[in-house]
Every structure is written in structure tokens, then in C-alpha cells.
Amino acid sequence: MSEEDTQMISVYDDTSDQRSLSLDDTSSAEESPDETRLSLETANDVIPYIGQRFNTHDAAYEFYSEFAKRCGFSIRRHRTEGKDGVGKGLTRRYFVCHRAGNTPIKTSNENKPQRNRKSSRCGCQAYMRISKTNELGLPEWRVTGFANHHNHELLEPNQVRFLPAYRTISDSDRSRILMFAKTGISVQQMMRLMELEKRVEPGYLPFTEKDVRNLLQTFRKVDMEDDSIDLLRMCRNIKDKDPNFKYDFILDTNNRLENVAWSYASSVQSYDIFGDAVVFDTTHRLTAFDMPLGIWVGMNNYGMPCFFGCVLLREENLRSFSWALKAFLGFMNGKAPQTMLTDQNICLKEAIAMEMPTTKHALCIWLIVAKFPSWFNAVLGERYNEWKAEFYRLYNLETIEDFEMGWRDMVNSFGLHTNRHIANLFALRSLWALPYLRSHFFAGITTTGLSKSINAFIQRFLSAQTRLAHFVEQVAVAVDFKDQAGEQQTMQQNLQNICLKTGAPMESHAVTILTPFAFSKLQEQLVLAAHYASFQMEDGFLVRHHTKLEGGRKVYWAPREGLISCSCHQFEFSGILCRHALRVLSTGNCFQIPDRYLPLRWRRISISSSKLQQNTPSDHAERVQLFQSMVSTLMTESAKSKERLDFAMEQVSILLSRMREQHPVPTQSTRENSSIHRNL
């Protein structure tokens with residue numbers, strides 16, 4: 001063994017300051033050489049030695065910590081000592097290996113559960129002792145004891161960085177993490193962004209995902225009362241900047257925040273047109289504060305989710321849900337939705353019946369289906385997928401009679417007579433099965449596709465919660481992001497070349513009125529209508545597929561009144577005419593779909609222009625609506641080629657200049673009209 005290695009394994013001790021090597025009451029003073037693992041990979045100039053001097057005890061700690069990191073372990077401050085007498089202060093410090101000492105055995109307490117925490121301590125005797133001296137009149141610290149004996153494996157360089165002592169988050173990184181948290185991005189996304197910024201390999205930041213989560217948790221562990229005050233202050237600040245921002249709250253008997261709800265100006269405007277069908281999702285919680293979170297969302301005319309409002313509750317009971325629904329109605333000027341989809345919650349069901357008696361309440365099918373694996377996977381085994389396909393077939397049936405007959409056959413076929421989940425689903429069938437809901441308007445929000453969009457939207461501001469007050473900001477950022485993304489998708493839809501498939505005048509007319517999303521739904525029905533035959537009866541028409549000799553749908557049509565209805569209730573359910581009604585209109589030489597069957601909520605219309613129509617005389621509103629149809633047609637035709645688009649832009653610019661010169665309007669009206677032009 002070399003002289004250097006011999007120096008490494010020796011236990012240094014200054015005879016003028018000799019102390020016991022025992023580091024605590026449970027550790028041994030000596031270790032057998034056979035049980036000692038030693039680090040032999042350091043150089044003389046970085047090895048602690050007796051008599052080594054430091055200006056401060058912190059400098060000594062940093063030196064020993066760097067030495068330990070190179071060797072494959074970390075250190076901690078063990079104990080401090082002072083000389084006898086008053087006012088003498090600190091005179092001696094011990095720094096030890098992080099695995100020094102032994103975990104003391106805690107006395108069991110039956111009334112208090114014990115945490116089963118594993119300890120890494122194994123009685124390691126490696127240490128460095130420093131003592132304070134004043135030999136030259138200036139205080140300094142001198143190494144008076146050092147041992148590098150380890151009775152455990154030392155870590156490799158690529159492993160030692162994971163020890164807690166070497167995982168640190170700098171002040172600048174802390175600020176950056178908190179800024180990321182406010183935007184709502186996940187911890188994984190934060191880590192990847194910072195790796196790219198620092199140009200390090202994945203996993204080589206000086207901290208881990210767990211450290212970031214712990215940091216965020218420390219900011220959540222604030223006094224709830226102070227955080228609630230900050231939340232209300234944040235709402236007031238937003239209200240000062242935007243008078244149309246709406247919020248409400250309630251305090252308990254101890255003057256603490258119990259519930260709070262809010263909605264943004266854009267949300268209130270969206271609800272005015274698209275608030276006919278609403279999802280009230282209460283399945284999420286703010287885990288940092290253990291508070292239930294409720295979110296109101298719907299679908300706009302381009303088939304995209306739109307945010308209506310948000311509520312935080314302390315409890316999920318009838319009183320809290322009733323307050324939330326009252327607050328929501330207050331935000332929306334007392335206008336209740338036609339239909340509302342929720343999770344299965346008895347208190348919420350009762351609250352809707354009390355506060356919104358005219359609203360049809362139904363259950364979200366995607367929340368029900370999400371529970372199927374835990375309910376039926378073990379019961380059905382290999383037949384689970386077969387049963388699930390049969391469930392979806394029954395769910396989409398048109399008549400109640402077919403559903404109930406098919407349900408009985410399904411129960412018999414799969415032997416589910418005694419299954420409590422099947423019994424519960426059948427008892428609640430009128431709240432989730434489409435045959436029972438087709439006479440109510442749902443705007444397509446019963447589809448699983450929308451549920452994925454809604455969940456993605458919600459997760460955007462749930463992924464990285466910081467303080468409660470910041471949550472309002474996170475929701476605002478998510479809503480603004482969704483609005484911008486929606487505007488982009490709207491533009492892309494409007495610029496698409498829509499292919500007409502039937503050549504029917506009704507199709508050519510509808511494409512200029514409806515949004516591409518809504519028109520695609522109507523076009524499907526127009527194509528199918530060609531495969532149906534209609535037979536005039538005494539009280540209407542019977543419409544059925546040309547291959548069938550029995551059955552069919554009953555259609556009632558009053559041409560003079562412009563009224564048409566079908567027994568399949570497709571229009572009542574989705575706002576899109578069915579193939580049966582379209583077949584009758586075509587048979588009756590109707591070349592345009594009546595206006596009442598091209599609902600405003602599915603038209604190419606923006607929120608601002610729709611508000612203008614509602615606030616102006618009816619004749620002017622009709623002219624604005626006609627003009628908007630013309631503009632929509634102009635956009636569709638212009639986008640078909642570069643030459644057309646250039647020509648249209650040139651002519652519109654000339655028209656605008658001429659209109660402003662020859663027909664000036666008052667300042668306020670000018671603002672409104674420029675807003676209309678921008679939206680069109």
C-alpha cells in the first residue's frame with residue numbers, strides 16, 4: 001500500500017484536543033478493519049489533515065463536503081460544543097458521514113400511528129472535528145480530528161449526485177419554477193425546459209422532480225386564512241381592471257372563506273349564445289388545499305369547448321351545491337341552461353332540481369364508462385370487450401322500447417342478473433341512456449370526443465397548483481389560451497374548401513349559413529336522406545329506408561307555418577335536422593331549410609355581432625344576418641385560389657375606404673361597426 005493510501009486510512013487526532021470517537025450514544029467507538037470500506041481516489045491536496053486551518057466553520061464544512069462528494073458520500077453537522085462558563089460561545093464542531101449513528105427505537109403508541117420510515121444510518125465512524133483558536137489574535141478554526149473509515153459501500157460519481165445534500169435549487173431556479181407553476185405546466189415539463197435552458201442531459205439537473213414538487217408544496221403550506229384573503233384580493237384586483245369580471249363568495253360563522261365562484265367577461269358572452277347545454281364537472285379537487293373544484297363548460301358553434309365559470313367549495317353537500325348554482329345563475333343574468341350534465345351525485349341532483357327546476361339534468365356518459373374496468377373487468381373476464389360493445393349499441397338506440405328489450409337480453413346473455421352495478425345503471429337509465437334524452441337539447445356534448453377536450457382543458461391549470469390566490473390567474477391563462485386556440489381553429493375551418501356532395505339547393509344554402517363543424521353534421525344527414533322514401537299519410541309523412549318494408553319515422557310538416565318535426569327527435573337533441581325531415585322537405589320542393597331550423601348557435605356568427613343583433617330592431621338584425629351570410633360566402637369563394645383572394649382583398653379595401661368617406665358615422669357607432677367588421 002502506498003504512503004498516500006496509508007495516510008487516507010489513518011485516524012488523525014490532535015493529542016492536545018483528544019475526544020472520544022463515538023459519535024452518539026448508539027454508535028461504536030471502533031470499527032474492525034475488515035468491515036471498513038475506504039475511498040482511495042483522492043489527492044493529498046484535497047484531503048483533510050490535522051492542523052488544517054479555516055477562517056470560518058462554514059468554510060471547513062464546504063471543504064469537507066467537497067471531499068465527501070469526490071469520495072462517494074455526503075456529510076451532516078453532528079454536534080457542537082462550547083467551553084465551560086458563560087458567554088464563551090461555540091468552540092468545537094463535528095461533521096460526520098450521512099450514515100453515522102443508528103436510528104433510535106421509538107416507543108410504540110397504540111393511539112398514534114407510526115410512520116414506517118426506513119433509515120440509511122449504519123453507525124459509520126467517518127468524521128472531521130474542528131476547534132476554534134485565537135493564537136494570533138484572530139479567531140480561526142483548526143482541524144483537530146479526522147477519520148475516513150466507512151463501514152458501507154461508497155457511491156459512484158454518477159450516483160452520489162442523488163444524495164439529498166448535493167441536490168440544491170438555487171434562488172434563480174426557484175423563481176423560474178414558480179413562474180412555470182403559474183402558467184400551469186406540469187413538473188415534468190418544467191424539468192425538460194430547464195434542462196434545455198441549462199444545456200444539460202436529461203436527469204442531470206442539480207435537483208430532481210421530487211425536489212421541485214416539495215418546493216411547490218412548501219408554497220402551498222401557508223395559512224389557509226391568509227391564502228383565502230389573498231384569493232379574494234386577487235378577485236378584487238381583476239374586478240378593478242375588468243368591471244365585467246364576476247365573482248361571489250361566502251364566509252362561514254368564523255368569518256373564513258367557505259365557497260368562492262367566478263366567471264370572466266368572455267365567458268358570460270359565450271354563455272349567452274352557447275349556454276343552452278352545460279357540463280358541470282365536479283370530479284376534480286385542488287389537492288394542495290383538499291377543496292372540491294367545479295367547472296362549467298359547454299360547446300361553441302365550431303364544436304370546441306368554451307369555459308363558463310369555476311367554483312371552489314369546502315364541502316360537497318346540498319348547501320354548497322345550491323350556493324354554487326345560485327352564484328352561476330347570478331353571473332349569467334338568471335338564464336338557466338336547457339340541459340346540464342354532471343357526475344352521479346345525489347346532493348348535486350337535488351340542488352339542480354331546487355335551483356334550476358326547468359333544466360333537464362343528465363349524467364356524463366364518459367364518467368360512467370370510466371368506471372367500467374373496475375366494475376366489470378374481473379366479472380366478465382374475456383367477454384368484457386364484447387359486453388362493452390353491446391353496451392354502446394344499446395346506449396345509441398333511438399327508442400325506449402328497443403333499449404329496454406335489448407338491456408334484458410344483454411343481462412341474460414352475460415349472466416349479470418345479480419350484479420349491483422348493472423342494477424344501478426338500469427335504475428338510472430333515464431339520466432344517461434340516449435333513448436330517454438333525445439327530446440332534450442345537448443349540442444353534441446354527450447360524445448366522448450368532447451370529454452377528452454374538456455379534460456385536457458381542465459388539466460392545463462390543475463397540473464401545477466401553487467398558492468390558492470394564483471389559481472385564479474392559472475384559470476385565466478388557460479381560458480385565454482383556449483380562446484386563442486379556438487380563434488385559430490375557427491380561422492382554419494373557415495378557410496377550408498368545403499366539398500358539396502349532393503348538389504341540392506338546400507346544401508348550397510346551408511353551407512353559407514352554418515359553421516363548417518355544424519354543416520358537416522347536416523351534410524351527413526343530407527347524404528343519407530337520398531336513401532329514404534317518404535309516404536304521405538293523413539296526419540303527416542312516413543319515412544323509412546328504401547330497403548325496408550316496415551317501420552320508419554313519422555314526420556309532421558306544415559309548409560305555411562314553416563314547421564317540421566320528426567319522431568326521432570334529432571333536431572331537438574342536436575339542433576341539426578334529421579335525414580327523415582330533410583327527405584320530406586326535398587319531396588315538397590323546398591329548396592332552402594327554414595331559418596328556424598338553422599339555429600343561431602350553429603351559424604357563422606361571432607359573439608359581438610350576435611349581441612348587436614339582440615340589441616337592435618328586428619329588421620336591422622335580419623339585414624345584419626343576411627350581410628354576414630354574404631361575407632361568409634365571400635370568404636369561402638375567395639379562399640379557393642390565390643387570385644380570388646387577392647382580388648377580394650383589393651375590392652374590400654376599396655369598398656371600406658369609400659364607405660368611410662361617403663357615409664361617416666358617430667364615434668361610438670364607428671367603434672361598434674369596426675368591431676363587427678373585425679369579427680366578420
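**Exercise 1. Find how many cavities of 30 Å³ or more the structure holds, and describe the lining of the second largest one.**

Solution. The structure, which is a predicted model, holds four cavities of 30 Å³ or more. Turning to the second largest cavity, we note that its volume is about 60 Å³. The next step is to list the residues around this cavity: the lining consists of Asp343, Gln344, Leu363, Leu367, Ile368, Lys371, Trp375, Asn424, Leu425, Leu428 and Trp432. Sorting this lining by class gives seven nonpolar, two polar and two charged residues. Finally, we ask which helices contribute, and find that α11 (365-369) and α15 (420-427) each supply at least two residues of the lining.

**Exercise 2. Decide whether His421 is buried or exposed, and say which residues His421 touches.**

Solution. We begin by placing the residue, since His421 lies in helix α15, one of the helices that supply at least two lining residues to the second largest cavity. The relative accessible area of His421 is 14%, and because buried means under 20%, His421 counts as buried. Leaving aside residues up to four places away in sequence, His421 touches Trp375 and Phe376; Trp375 is also part of the lining of the second largest cavity.

**Exercise 3. Identify the residues with the most contacts inside the largest nonpolar core, and follow the contacts of Phe372.**

Solution. The largest nonpolar core has 90 residues, and those with the most contacts inside it are Phe372, Trp387, Trp407 and Trp432. Of these, Trp432 also appears in the lining of the second largest cavity. When residues up to four places away in sequence are not counted, Phe372 touches Asn377, Tyr384, Trp387, Phe391 and Leu425. A second, separate core of 26 residues includes Val268, Ile273, Phe308 and Val311. As background, nonpolar side chains tend to be buried together in soluble globular proteins.

**Exercise 4. Work out where Asn255 and Asn589 lie, and what sign phi has in each.**

Solution. Asn255 is found in the loop between β7 (246-251) and β8 (257-263), while Asn589 lies in the loop between α22 (579-587) and α23 (607-614). Phi is near 65° in Asn255 and near 60° in Asn589, so that we read a positive value for Asn255 and a positive value for Asn589. For background, most residues other than glycine have a negative phi. As a last step we check accessibility: because exposed means over 50%, Asn255 counts as exposed at 58% relative accessibility, and Asn589 is exposed with a relative accessible area of 58%.

Technical notes:
Residues are numbered from 1 along each chain as its sequence is written. This is a predicted model: local features need pLDDT of at least 70, side-chain atom pairs count only at pLDDT 80 or more; totals for chains, interfaces and linings use all residues. Side-chain values use heavy atoms; hydrogens and water are left out. On a 1 Å grid over the protein atoms alone, a cavity is a set of points where a 1.4 Å probe fits but cannot get out, and a pocket is an open set with protein on both sides within 12 Å along at least five of seven lines; lining residues have an atom within 4 Å of a point. Grid points are joined across faces, edges and corners, and a volume is the space filled by probe spheres set on the points. Helices (H or I, at least four residues) and strands (E, at least two) are DSSP runs, numbered from the N terminus. Ala, Val, Leu, Ile, Met, Phe, Trp, Tyr, Cys and Pro count as nonpolar, Asp, Glu, Lys and Arg as charged, and the others, Gly among them, as polar. A nonpolar core is a set of buried Ala, Val, Leu, Ile, Met, Phe, Trp, Tyr and Cys residues joined through side-chain atoms within 4.5 Å. Buried means under 20% relative accessible area, exposed over 50%, partly exposed in between (1.4 Å probe, protein chains only). Contact means heavy atoms within 4.5 Å.
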